[in-house]
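Open your viewer and keep the selection tool ready. We will go stop by stop, and at each one you will pick something out and look at what is there.

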Amino acid sequence: MTNTVFKAKGLTKYFEASKRGFVESLVSRQPKIWVKAVDEIDFEIMPGEVLALVGESGSGKTTLGRMLATLETSTKGDLYFMDEKVSRKDYRRIRRQVQMVFQNPTDSIDPRMSIKGIVTEPLHRSDVGEASKDEQFATALSLVGLDAKTFAQRRVRDLSGGQRQRVAVARAIISNPTFIALDEPTSALDASVQAQVLNLLARIHDELKLTYLFITHNIAVARYISDRIAVMYAGKVVEQGPTEEVIANPKHPYTQALLKSVPTLKTHELVPPSGEVPSLVGLPTGCRFHPRCPYVMDVCKEKEPAMRRTGNVEVACWLY
Ligand SMILES: Nc1ncnc2c1ncn2[C@@H]1O[C@H](COP(=O)(O)OP(=O)(O)OP(=O)(O)O)[C@@H](O)[C@H]1O
Ligand code: SF4
Ligand SMILES: [Mg+2]
């Protein structure tokens, strides 16, 4: 029995701000400038758990999801999958066990491909026979509530938004994964379709005993789907804990500000606090939320607070 599906220790992803050519970078005297998209993050995702990841645009949520789905390498830090340390050479081995679903999943798909071709693509590199492939396609489609015969030869352009997202989920589950990172999977859908797809994702999670990282801007969605919530700010997780507890009693001033305006909003969208989001290139010293924080103290401007546990919740703030 594994203790964690994912464990991260100091997990970091920096992107070079302006990509230079090889020769250019050799002759340039200027130091490289880095976008600190994910900056020394520690977290765990337990088997069967849904961890919601929330935070403002540009805080590094998609980058973190892509790192777990092996679509992005880390700059430094350690990542463990099923309690085993992951290095780049393991990516191929674990790729079928970790899948990702995006907000507009069919954007990058060849519109000429059939639905069957799209959904069964993850099986192509394995030695699955045609009969078995047909069977797995039928099972995956039935799990997402689509009829395999009706949809097999259709094209993406013939499908509604909700059907497209069902196809993307079928593609993600066909290789029998352990974990799926879902990046705003219902945000582009109409409210009624959003609820259907959300119910479907919750049902599939239970039936297939999956583990999810669920990225969302919508607090009602996070509340409905997740067991725990992690709040990201400027490349850092600043608070994480049981969903109900974090929503009822947010500890970090950023979480408090994010949640403040929610009950008055019909849509339940998280609204960022006022003030500038820091550039991930030139981050503020100390606590990176300090220029926007109503409780800022001297220490906040100098020293970065480490993650500390208070009860069931972990929070990175000098107030605790
Ligand atoms: N391939 C890349 N090259 C350079 N910079 C990148 C790359 N991918 C992401 N970034 C930068 O990393 C930062 C974090 O981006 P990311 O997409 O992870 O944020 P996010 O929290 O998912 O935002 P949103 O809520 O808008 O989807 C941003 O500043 C972004 O511009
Ligand atoms: S560490 Fe200081 S500036 Fe940062 S959130 Fe806490 S009180 Fe505010
Ligand atoms: Mg994103």
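**Stop 1: ligand 1**

Select ligand 1 together with Phe15, Val35, Ala37, Gly55, Ser57, Gly58, Ser59, Gly60, Lys61, Thr62, Thr63 and Leu280, the residues around this ligand. Two elements give two or more residues to the shell: β2 (34-45) and α2 (61-68). The largest share comes from α2, with 3 residues. Now colour the shell by residue type. You should find 4 nonpolar residues, 7 polar ones and 1 charged one. Keep in mind that this is a predicted model.

**Stop 2: from α2 to the 8-stranded sheet**

Keep α2 selected and add the strands it lies across: β3 (50-54), β6, β7 (179-183), β8 (211-215) and β9 (228-233). Against β8, the helix α2 runs at about 160°.

Next, show the whole sheet. In what order do its 8 strands come? The order is β6-β7-β8-β3-β9-β10-β12-β11. The sheet is open, and its pairing is mixed. Look at the two edges, β6 (98-101) and β11 (308-310). Each has a single partner strand, so one side of each is left without a neighbour in the sheet. On average, neighbouring strands here are turned by 20° against each other, direction ignored.

Zoom in on β10 (residues 236-242) and β12 (residues 313-315). These strands run antiparallel, and 2 bridges join them. Pick Glu239: its bridge partner in β12 is Val315. In general, strands of a sheet pair through backbone hydrogen bonds, either parallel or antiparallel.

**Stop 3: the nonpolar core**

Now for the largest nonpolar core, which has 79 residues. Which members touch the most others? Select Leu53, Phe214 and Val231. Then add helix α7 (residues 161-173), which gives the most to this core: 6 residues.

Stay with Val231. Leave aside its neighbours within four places in sequence, and its contacts are Val54, Gly55, Val237, Val238, Glu239, Gln240, His252, Tyr254, Thr255 and Leu258. You have met Gly55 already, around ligand 1.

**Stop 4: the 4-stranded sheet**

Go back to β2 and show its sheet. The order is β2-β1-β4-β5, the sheet is open and the pairing is antiparallel. At the edges stand β2 and β5 (84-85). Why is one side of each left without a neighbour in the sheet? Because each has a single partner strand.

Select β1 (residues 6-16) and β4 (residues 76-81). They run antiparallel, joined by 5 bridges. Click Lys7 and look across to β4, where Tyr80 stands opposite.

**Stop 5: two positive phi angles**

Select Glu40, in strand β2. Its phi is near 50°, a positive value in a residue other than glycine. Is Glu40 buried, exposed or partly exposed? It counts as partly exposed, because it has 17 C-beta neighbours inside 10 Å.

Then jump to Asn176, in the loop between α7 and β7. Asn176 is not a glycine, yet its phi is positive, at about 60°. With 14 C-beta neighbours inside 10 Å, Asn176 counts as partly exposed.

**Stop 6: ligand 2**

Finish at ligand 2, which 14 residues surround. Select the closest: Cys287, His290, Cys293, Cys300 and Cys317. Colour the whole shell by type, as you did before. This time there are 12 nonpolar residues, 2 polar ones and no charged ones.

Definitions and conventions
Residues numbered from 1 in each chain as written. Chains lettered and ligands numbered in written order. Predicted model: local features only at pLDDT ≥ 70, side-chain atom pairs only at ≥ 80, totals over all residues. Near = placed C-beta within 6 Å. Nonpolar A, V, L, I, M, F, W, Y, C, P; charged D, E, K, R; others polar. Core = buried A, V, L, I, M, F, W, Y, C linked by C-beta atoms within 7 Å. Buried ≥ 20, exposed ≤ 12 C-beta atoms within 10 Å, placed from the backbone. Contact = placed C-beta atoms within 7 Å. Pairing = 2+ DSSP bridges. Axes fitted to C-alpha atoms, helices over the stretch in contact; angles between N-to-C directions.
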